[in-house]
Amino acid sequence: MNAYLIGTILAIVIFVIIGVIAGKKVKDTNDYYVAGRRAPVILIVGSLIASFLSTGAFMGDTGEVYSGFFMGIVIVGMLQASGYVYGAGLFGKYIRRAKVNTVPEYFGKRFNSRRIRVLASLTLMIAVTAYLLSAIQGVSTLMTQITGLDYKACVILAWVAFTIFTVYSGSMGVLITDTIMFLVFLVAALIGIPYIISAAGGWNEGISALATSTTNPGIISWTNNLSYLYPTGVQNLIWAIVYGIVWAIVVMVSPWQTSRYLMAKDEHTVMRSSVFASMGVVVVTTLLYFSAAFIYKINPNLESASTNLIWAAMNVMPMIVGVIMLTGILSAGISSASTFLSLIGTSLTNDIMKQKDDMKANLRLSRIVMGVVSVIVLIIAFFNPPQIFVIMYFGGTVIASAWGIVALTSVWNKKMSESGAFYGMLFGFLGCAVTKSWSALTHTTLPIYLDPFFVGLVLSIIGMVVGNRTKKATKEEIQEYEELHVRPETEKNAVEEKKTFYLTYLYLAFGVVLGLVFVFAYAIPYMNAVR
């Protein structure tokens, strides 16, 4: 048994113990679904980042960078991070006012409709199951690399790692373990990445070598490697901007992000958490993307691009640092998997199944349902080959197309009717899912203007327009809209408002510093190298 395997096992045991301890505090479904609506900023931030930066970031995104798509992924990362702030202000704090247990329940309450609540729940479960598969596959791939065990055996181990405490503790345990796991992979990145830079010959030498690479030309240029995705830099740039916007929308409205706001103790917690989460995601992803590029400089011949960080942890870093890095990647996968499983089980129980008057009976039912869901997902993961990046992007684009416009208009358009919202969500989902599935199955690269997101978005808008003309908003729907815009008296605190407002300046300063870092650490060294 090697040190990497020991570190992995210890991490799993610790997370399970913490989750089970948290589960003992769960008394009813309010605790199980939304952590009692009393979570502070640190827990919301930790869960927002941890549930977003799964193995999809540590293995999927970094694999794309290693393969030659650095700047494209960086642009996506920067744009998607802005979605936290926009999402909290335009959607997050309003769904918290609705005092619901799930985001599908919000849609059902807002439009006084059972069918849209069920539709939202079904689209949630399909998209989040894709994410859950991505997380399980990422963790299993990691375990296979460091243990030498068969991949399918590692799938079972990964499933056990997050299922026990998620089923038992629900959102209460997920919030706490997410935050701990976020701190673990943040520390891992801060400690491990300097060793990668050093092994690449230092920062300036690494940038210079990558800028003039002949084996992966354009790997860190604005055009990216032109033989990787699209044959021109402009097309690659358009793709990056489009998917950056798509992922900003995902962050704004996706259930694995906005459901965290339902657990916040007040609206100030929602807004503050969004700022810190945005900055945290930018810092971690920027470090990861540069690291993946530098790893290519160290070893351009890896058999699997998605394992570049795993290889670096085991071959470039000192053993103890490598153990921390691998534990961080493992933590990212487990934290996301626990969030996704919790969302699927909670939505199925809360939004589709009939609830009883007995709170304890509902809690028991929720745990049983979540356990059954976890077994089904295990079976799918067991027989499905790893396709981390593809699966992750399927889930995100589907949610952005189906929920994006509908979610925002539900808060900002009084005249949006139940019919418009229902058909907007349905058409958006079908348009994106069908196009994305066809493209993946036929291995067809569609023109950027026929990207599944665009197809779904256009159909979603058509569905909303047709639905609104077919049936106008009712008095009950308009009343629900107006109640969303009534700020509770408990939120009107001048001192707290000032604290929240001052974070605007911090966010602006962060943006300026980030821009300067890219100019002096990336742009200038790159230009000097290619002259």
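Contact means heavy atoms within 4.5 Å. This definition is needed in Exercise 2. The structure treated here is a predicted model.

**Exercise 1. Overall form**

Task: Determine which secondary structure elements the protein has, and state how its radius of gyration stands against that of a compact globule.

Solution.
Step 1. The protein has 20 helices and zero strands.
Step 2. For 531 residues, a compact globule would have a radius of gyration near 24 Å. The protein has 22 Å, which agrees with that expectation.
Step 3. Along the principal axes, the C-alpha atoms fill a box of roughly 65 × 55 × 50 Å.
Step 4. Of the 531 residues, 60% are buried. The protein exposes about 20,500 Å², and carbon and sulfur atoms supply 68% of this area.
Step 5. Among contacts with a separation of 6 or more, 85% are between residues 24 or more positions apart.

**Exercise 2. The surroundings of helix H13**

Task: Identify which residues of helix H13 are buried, and name elements that cover them.

Solution.
Step 1. Helix H13 comprises residues 308-315.
Step 2. Its buried residues are Asn308, Leu309, Ile310, Ala312 and Ala313.
Step 3. The cover over these buried residues of H13 includes helix H1 (3-23), helix H4 (55-67) and H7. It also includes helix H8 (151-199), helix H12 (267-298) and H14.

**Exercise 3. Two salt bridges of helix H7**

Task: For the salt bridges of Arg115 and Arg117, find the partner residues, and decide whether each of the four residues is buried or partly exposed.

Solution.
Step 1. Side chains of opposite charge can pair when their charged atoms come close.
Step 2. Arg115 pairs with Glu418, with 2.7 Å between the closest N and O atoms. Because Arg115 lies in helix H7 (residues 114-147) and Glu418 in helix H17 (residues 418-442), the pair ties together parts that are 303 residues apart in sequence.
Step 3. Buried means under 20% relative accessible area. Glu418 has 6% relative accessibility, so Glu418 counts as buried. Arg115, at 36%, counts as partly exposed.
Step 4. Arg117 forms a salt bridge with Asp351, and the closest N and O atoms are 2.9 Å apart. This pair links distant parts of the chain, with Asp351 in helix H14 (residues 319-352) and Arg117 in helix H7, 234 residues apart.
Step 5. Asp351 has a relative accessible area of 0% and is therefore buried. Arg117 is also buried, at 18%.

**Exercise 4. Salt bridges involving helix H20**

Task: Locate the two partners of the salt bridge between Arg487 and Glu497, and state how many salt bridges the structure holds.

Solution.
Step 1. The side chains of Arg487 and Glu497 meet at 2.9 Å, N to O.
Step 2. Arg487 lies in the loop between helix H19 (475-484) and helix H20 (494-530), whereas Glu497 lies in helix H20; the two are 10 residues apart.
Step 3. Arg487 is partly exposed, with a relative accessible area of 30%. Glu497 counts as partly exposed at 31%.
Step 4. A network of salt bridges links Arg272, Glu496 and Lys499.
Step 5. In total, the structure holds 11 salt bridges.

**Exercise 5. Cysteines**

Task: State how many disulfides the structure holds, and decide whether Cys154 and Cys432 are buried or exposed.

Solution.
Step 1. A disulfide is a covalent bond between the sulfur atoms of two cysteines.
Step 2. The structure holds zero disulfides.
Step 3. Cys154 has 0% relative accessibility and so counts as buried. Cys432, at 0%, counts as buried as well.

Note on methods:
Residues numbered from 1 in each chain as written. Predicted model: local features only at pLDDT ≥ 70, side-chain atom pairs only at ≥ 80, totals over all residues. Heavy atoms only, no water. Disulfide = S-S within 2.5 Å. Buried < 20%, exposed > 50% of the residue type's maximum accessible area, 1.4 Å probe, protein only. Salt bridge = Lys/Arg side-chain N within 4 Å of Asp/Glu carboxyl O. Helix = DSSP H or I, 4+ residues; strand = E, 2+ residues; numbered from the N terminus. Rg over C-alpha atoms; globule rule 2.2 N^0.38 Å. Areas by Shrake-Rupley, 256 points an atom, 1.4 Å probe, with all protein chains shown as cover.
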